[in-house]
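Hi,

Here is the structure I said I would pass on. Have a look at it first, and then read my notes underneath.

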Amino acid sequence: TSLIHLDVIHINDDEPEGSLEREVLIGSVLIPLRALESQKMLRQWYNVVLEGQVVAEMKTRIQYTFKEDMMHKWDSEAGFCRSMAQGGPDFCVGIIGVGHIGHHILDAMLKSGYFKPSNILTSTRRPEKLSAYEKLGITIGNDSSMVASRSDVLIIACQPNNLPHVASAVRDRIRQETLVVSLVAGQKAYCTSNSANF
């Protein structure tokens, strides 16, 4: 079952913008997406979990506001996007940072058969190392801003020391409906509306 993952954060306005002390993770909430398939508005209590322990309860109100053509891209049973043959439109996945982890992600995506190479976009510091992927039809470059603006799912897999530069490049380019996944070791990424705050 596909899930909505919410991080509950305490923001300390007394700390400077961008500092690690400004945002403190209180816990996480997992909401099954299946519930939104049968109703436009969802009001329900959920557990807030931190390090495997329930630390609080939170009542959420979620309103179905996704565009129909966006929702049709997802196969809620499989948790993957639908191919054109299965009735779904083109679906772009962007990867920023194609090092060790990024290579594994690319290979897994190609092996799965769910993603057309032409719908995979990447940004990496050394695009010349990915010429073999480019020959398959994957977009290879070093323009993180372009990748962020065109992706339906954006995977951040850069090195931790490069995260501030990446965040600056993509912050105002991520679309509201884009799902952002951070695989940066030791860092948390929070995406709100059209901006990404790292």
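Below is what turned up, going from the whole chain down to single residues.

One thing to keep in mind from the start: this is a predicted model.

**The whole protein**

The protein has 198 residues, and 34% of them count as buried. Its secondary structure comes to 5 helices and 13 strands. If you take the contacts between residues at least 6 apart in sequence, 50% of them join residues at least 24 apart. The exposed surface is about 12,000 Å², with carbon and sulfur atoms supplying 51% of it.

**Strands 7 to 10**

I'd start with strand 7, which covers residues 93-96. Strand 7 pairs with strand 8 in the parallel sense over 4 bridges, and another 4 bridges join strand 7 to strand 10, again running parallel. Gly 94 is a handy residue to click on, with Leu 121 as its bridge partner in strand 8 and Leu 154 as its bridge partner in strand 10. A little further along, Ile 96 stands opposite Ser 123 of strand 8.

Which way do the residues of strand 7 point? Val 93 and Ile 95 go one way, Gly 94 and Ile 96 go the other, and all of them are buried.

Strand 8, residues 120-123, has a comparable story: Ile 120 and Thr 122 point one way, Leu 121 and Ser 123 the other way, and all are buried. Strand 8 also pairs with strand 9 (residues 139-141), in the parallel sense and over 3 bridges. Within that pairing, Thr 122 stands opposite Ile 140.

What lies between strands 7 and 8 in their β-α-β unit? That would be helix 2 (residues 100-112), and the unit is right-handed.

**Two cores**

In soluble globular proteins, nonpolar side chains tend to be buried together. Here, the largest nonpolar core has 15 residues, and Val 93, Ile 95, Leu 106 and Met 109 are the ones that touch the most other members. Strand 7, helix 2 and strand 10 (153-156) are the elements that give two or more residues to this core. Helix 2 provides the largest share, 3 residues. There is also a second, separate core of 12 residues, which includes Leu 121, Val 147, Leu 154 and Ile 174.

Leu 106 deserves a click too. Apart from its neighbours within four places in sequence, Leu 106 is in contact with Ile 95, Val 98, Ile 120, Thr 122, Tyr 133 and Ile 138.

**Helix 5**

Helix 5 runs over residues 163-170, and Leu 163, Val 166, Ala 167 and Val 170 are buried in it. Why do they sit on the same side of helix 5? Because they cover an arc of only 100° around the axis. As background, an α-helix has 3.6 residues a turn, so residues three or four places apart point the same way. The buried residues of helix 5 pack against strand 7, helix 4 (144-150) and strand 10. Over on the other side of helix 5, Pro 164, His 165 and Ser 168 are exposed.

**Some single residues to look up**

- Ser 28 lies in strand 2 (residues 23-32). With a relative accessibility of 18%, Ser 28 counts as buried, because the cut-off for that is under 20%. Leaving out neighbours within four places in sequence, Ser 28 is in contact with His 5, Leu 6, Asp 7, Asn 47, Val 48 and Val 49.
- Thr 60 is found in strand 4 and is buried, at a relative accessible area of 8%. Thr 60 and Val 29 are 31 residues apart in sequence, and from C-alpha to C-alpha they are 9.8 Å apart in space.
- Is Glu 51 buried or exposed? Glu 51 is exposed, with a relative accessible area of 77%. You'll find Glu 51 in the loop between strand 3 (41-50) and strand 4 (53-63). Its backbone is worth a glance as well: phi of Glu 51 is near 55°, a positive value in a residue other than glycine.

If you only have a few minutes, go to Gly 94 in strand 7 and follow its bridge partners, Leu 121 and Leu 154.

Cheers

Conventions: Residues numbered from 1 in each chain as written. Predicted model: local features only at pLDDT ≥ 70, side-chain atom pairs only at ≥ 80, totals over all residues. Heavy atoms only, no water. Buried < 20%, exposed > 50% of the residue type's maximum accessible area, 1.4 Å probe, protein only. Contact = heavy atoms within 4.5 Å. Pairing = 2+ DSSP bridges. Right-handed = clockwise from strand over helix to strand, strands pointing away. Core = buried A, V, L, I, M, F, W, Y, C linked by side-chain atoms within 4.5 Å. Arc of directions from axis to C-beta. Areas by Shrake-Rupley, 256 points an atom, 1.4 Å probe, with all protein chains shown as cover.
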